[in-house]
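User: I would like a close look at one part of this model, namely its salt bridges and the helix that takes part in them. Please take the charged pairs one after another and say how each is placed.

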Amino acid sequence: MKEHTAEYDRYIRSEAWKKKCEERARIDNFRCCMCGKKQENCTNGKLQCHHIRYSKYNPITRQYESIIGKENVYEDLCSLCNRCHLLIHHYYDRTKSETG
């Protein structure tokens, strides 16, 4: 999982983030992208918004740049139920520890 900064933590609590999550949930028809669970059947009746990536490669600068606050709701986010969100982060954490 991504190391969180104070800036990231503030953003995740912002109205801008909440609006993006609501838009992504609508795009996903209020269902988890992995298992298809309906939002109303999720913990607290809400899907969780997951960053597919936190940065993008800029070919002009030849560097990866943060997309936090500039996410494309179609490419950079997906809706997950709590269980699938935990599973995907467990997978990322395990893969990261295996590759160093």
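Analyst: In this predicted model, Asp76 and Arg53 form a salt bridge in which the closest N and O atoms are 2.6 Å apart. This pair joins distant parts of the chain, since Asp76 lies in the loop between β3 and β4 while Arg53 lies in the loop between β1 and β2 (55–58), 23 residues apart. The two partners can be set side by side in terms of accessibility: Asp76 has a relative accessible area of 0% and is therefore buried, whereas Arg53, at 31% relative accessibility, counts as partly exposed. The pair also belongs to a network of salt bridges that links Arg53, Lys56, Glu75 and Asp76.

By the rule applied here, the count of salt bridges comes to seven. Another of them is formed by Lys20 and Glu71, with the closest N and O atoms 2.8 Å apart. Here too the pair links distant parts of the chain, with Lys20 in helix α2 and Glu71 in the loop between β3 (63–66) and β4, 51 residues apart. Lys20 has a relative accessibility of 15% and so counts as buried, the cut-off for that class being under 20%; Glu71, at 6%, counts as buried as well.

Helix α2 also supplies Arg24, whose side chain meets that of Asp28 in a salt bridge with an N to O distance of 2.5 Å. Arg24 is counted as buried because its relative accessibility is 9%, and Asp28, with a relative accessible area of 12%, is buried too.

The helix itself deserves a closer description. Helix α2 covers residues 15–27, and at 1.5 Å a residue its 13 residues should span 18 Å, which agrees with the 18 Å that separate its end C-alpha atoms. The buried residues of α2 are Trp17, Lys20, Cys21, Arg24 and Ala25. Seen down the helix axis, these buried residues fall within an arc of 140 degrees, so they line one face of α2. That set includes Lys20 and Arg24, each of which has a salt-bridge partner described above. The buried residues of α2 pack against α1 (6–12), β1 (48–51) and β4 (77–80), while the face turned away from the buried side carries the exposed residues Glu15 and Lys19. After the helix comes Asn29, whose phi is positive, near 55 degrees.

Note on methods. Residues numbered from 1 in each chain as written. Predicted model: local features only at pLDDT ≥ 70, side-chain atom pairs only at ≥ 80, totals over all residues. Heavy atoms only, no water. Helix = DSSP H or I, 4+ residues; strand = E, 2+ residues; numbered from the N terminus. Expected span 1.5 Å × (residues − 1). Buried < 20%, exposed > 50% of the residue type's maximum accessible area, 1.4 Å probe, protein only. Arc of directions from axis to C-beta. Contact = heavy atoms within 4.5 Å. Salt bridge = Lys/Arg side-chain N within 4 Å of Asp/Glu carboxyl O.
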